[in-house]
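These entries record what I looked up in the structure and in what order. I kept each entry short.

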Amino acid sequence: MPVEMRMWRIDGQDPKPLAAAALPTESELHQFLRRDPSLLGAALLVIGSEVITPFGKRLDLLAVDAEGNLHVLELKRDRTPREVVAQLLDYGSWVSTLSRDDVIDIAEKYLGQPFEASFEEVFGVAPPDELNGELQLTVVASSLDASSERIVTYLRGFGVPVNAVFFTYIEDDDRRYLARSWLATSDERPGGSVAKSTSKRAAWNGLDWYVSFGGERSWDDARRLGFVSAGGGKFYTQTIRALPEGARVWVNIPQTGYVGVGTVVGPAVRFTDARVDVEGAPMSLATQSLVGSYPHRDGDTEDDAEWVVPVKWIHTVAQKDSYWEKGLFANQNSACKLRQEFTLERLANHFGIHSDSA
């Protein structure tokens, strides 16, 4: 029997003593989950309802989680256990072949706005580079029979990422509570090797990089003297030092927005060794009058130090004129490859960059 149980008032009020139980219709369940997939117990974004497949069938609900994994939700309706599970596996086999572009196309047709914007509304961050890395298949029902439980449990034993959930109403006078029960608990992984789809990572154009520039550094310094920097720990230094000469960098100030684009013109060096162009002459960065404090400028080790990368700016704006819109890429890394087409297109239009060359 199902082992994980959750219950909540549909109208959001605190529950009172319970009296009777009833079954919701599976049409109601479809509408409940379409509007609020968190009823399944995890943050999800529904990106498709009644999704038409190439073989003429309609997948009930397609959703994505914060890690970019896809969730296929299929209502049992009046079908036999074998029929609904077979249909779910069929849909899963198709979904596993979807490319990142396919997923975004399905999502935007359903959501009516850029996928990236909807993703950020739900999860508070831009979507990851990789979509559809691991599938989760779920049978949704108003009740579960012993045959369905046996089939799902058997498949899970072979590593198939399938589960089953059923919902019921619990009534108190004129109030209804919706109770949820999972066949397998959320922390119980399928046995064997969990099936994963082929990696659906966004392609990289070999040129564009994202740079996060913040903390106690000054964008006025970086803009005026032509550099970006990061440091104060291996997590920050290893990525800024990975920026290659010739890379095109798009600079974002965390919690603010994008402020510039430029081309890397030399390797990363420690702050104390960095030289910048001052009126046509190379000068020590450390001797310049700087707005930022750069507390890691004298780090004892290479990992602890501040590292500086020289940049020839193509287009910059003052921090007060930074550009941001919902769905743009942001990342905690000091630097990383910028793959997200949505962000690249928006930045290119905003900063007037209409060429793939630096």
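How many aromatic pairs does a search of the whole structure find? I worked on a predicted model throughout, and the search returned 15 aromatic pairs.

**Entry 1. Aromatic pairs**

I looked up Tyr-210 and Tyr-258. Their ring centres are 6.1 Å apart and their planes stand at 75 degrees, so I entered the pair as edge-to-face. I then placed the two residues: Tyr-210 is in strand E11 (residues 208-212) and Tyr-258 in strand E14 (residues 257-264), so that distant parts of the chain, 48 residues apart, are linked. I noted both Tyr-210 and Tyr-258 as buried.

Next I took Phe-227 and Tyr-294. Here the centres are 6.3 Å apart with 55 degrees between the planes, and the pair is tilted. Phe-227 belongs to strand E12 (residues 227-231), whereas Tyr-294 sits in the loop between strand E17 (281-284) and strand E18 (306-316); the pair therefore ties together parts that are 67 residues apart in sequence. I found Phe-227 buried, and Tyr-294 as well.

I also asked which aromatic cluster includes Phe-227 and Tyr-294. The cluster is formed by Phe-213, Trp-219, Phe-227, Phe-271, Tyr-294 and Trp-313.

**Entry 2. A charge over a ring, and a loop residue**

I recorded Arg-241 over the face of Trp-307, at 4.1 Å from the ring centre. I then looked up Ala-242, which I located in the loop between helix H7 (234-240) and strand E13 (248-253). Ala-242 is partly exposed, its relative accessible area being 41%. From Ala-242 to Pro-267 I noted 8.8 Å, C-alpha to C-alpha, with their positions 25 residues apart in sequence.

**Entry 3. Helix H1**

Which residues of helix H1 (residues 26-35) are buried? I listed Glu-26, Leu-29, His-30, Phe-32 and Leu-33. Viewed down the axis of H1, these buried residues fall within an arc of 165 degrees, and so they line one face of the helix. I then listed what the buried residues of H1 pack against: strands E3 (45-52), E4 (58-64), E5 (70-75), E7 (136-141), E8 (162-172) and E9 (175-182).

**Entry 4. Strands E3, E4 and E5**

I turned to E4, one of the strands in that list. Six of the seven residues of E4 are buried, so I described the strand as largely enclosed by the rest of the structure.

With E3, strand E4 runs antiparallel, and six bridges join the two. I noted Ala-63 in E4 as the bridge partner of Val-46. E3 and E4 form a hairpin with five residues between them, and Gly-56 in the turn has a positive phi of about 85 degrees.

E4 also pairs with E5, again in the antiparallel sense, over four bridges. Val-64 stands opposite Leu-70 in E5. This hairpin of E4 and E5 has five residues between the strands, and Gly-68 in the turn has a positive phi of about 90 degrees.

**Entry 5. Gln-87**

I located Gln-87 in helix H2 (residues 81-95). Is Gln-87 buried or exposed? I entered Gln-87 as buried, because its relative accessible area is 15%, under the cut-off of 20%. Leaving out residues up to four places away in sequence, I found Gln-87 touching Phe-55, Lys-57, Glu-74 and Arg-79.

**Entry 6. Salt bridges**

I counted 13 salt bridges in the structure. In one of them Lys-76 meets Asp-145, with the closest N and O atoms 3.6 Å apart. Lys-76 lies in the loop between E5 and H2, and Asp-145 in the loop between E7 and helix H5 (146-157), so the pair ties together parts that are 69 residues apart in sequence. I noted Lys-76 as buried at a relative accessible area of 11%, while Asp-145, at 25%, counts as partly exposed.

The side chains of Glu-121 and Lys-326 also meet in a salt bridge, at 3.5 Å from N to O. Glu-121 is in helix H4 (residues 115-123) and Lys-326 in the loop between E18 and strand E19 (335-337), so that distant parts of the chain, 205 residues apart, are linked. I entered Glu-121 as partly exposed at 47% relative accessibility, and Lys-326 as partly exposed at 41%.

My last salt-bridge pair was Glu-325 and Arg-346, at 3.4 Å from N to O. Glu-325 is in the loop between E18 and E19, and Arg-346 is in helix H8 (residues 341-351), 21 residues apart. I closed with the network in which salt bridges that share partners join Glu-50, Asp-60 and Arg-77.

Note on methods: Residues are numbered from 1 along each chain as its sequence is written. This is a predicted model: local features need pLDDT of at least 70, side-chain atom pairs count only at pLDDT 80 or more; totals for chains, interfaces and linings use all residues. Side-chain values use heavy atoms; hydrogens and water are left out. Buried means under 20% relative accessible area, exposed over 50%, partly exposed in between (1.4 Å probe, protein chains only). Contact means heavy atoms within 4.5 Å. The arc is that of the directions from the helix axis to the C-beta atoms. Rings of Phe, Tyr and Trp (its six-membered ring) pair if their centres lie within 6.5 Å; planes under 30 degrees apart count as stacked, over 60 as edge-to-face and the rest as tilted. A charge sits over a ring if NZ of Lys or CZ of Arg is within 6 Å of the ring centre and within 35 degrees of the ring normal. Two strands pair if DSSP finds at least two bridges between them. A salt bridge is a side-chain nitrogen of Lys or Arg within 4 Å of a carboxyl oxygen of Asp or Glu.
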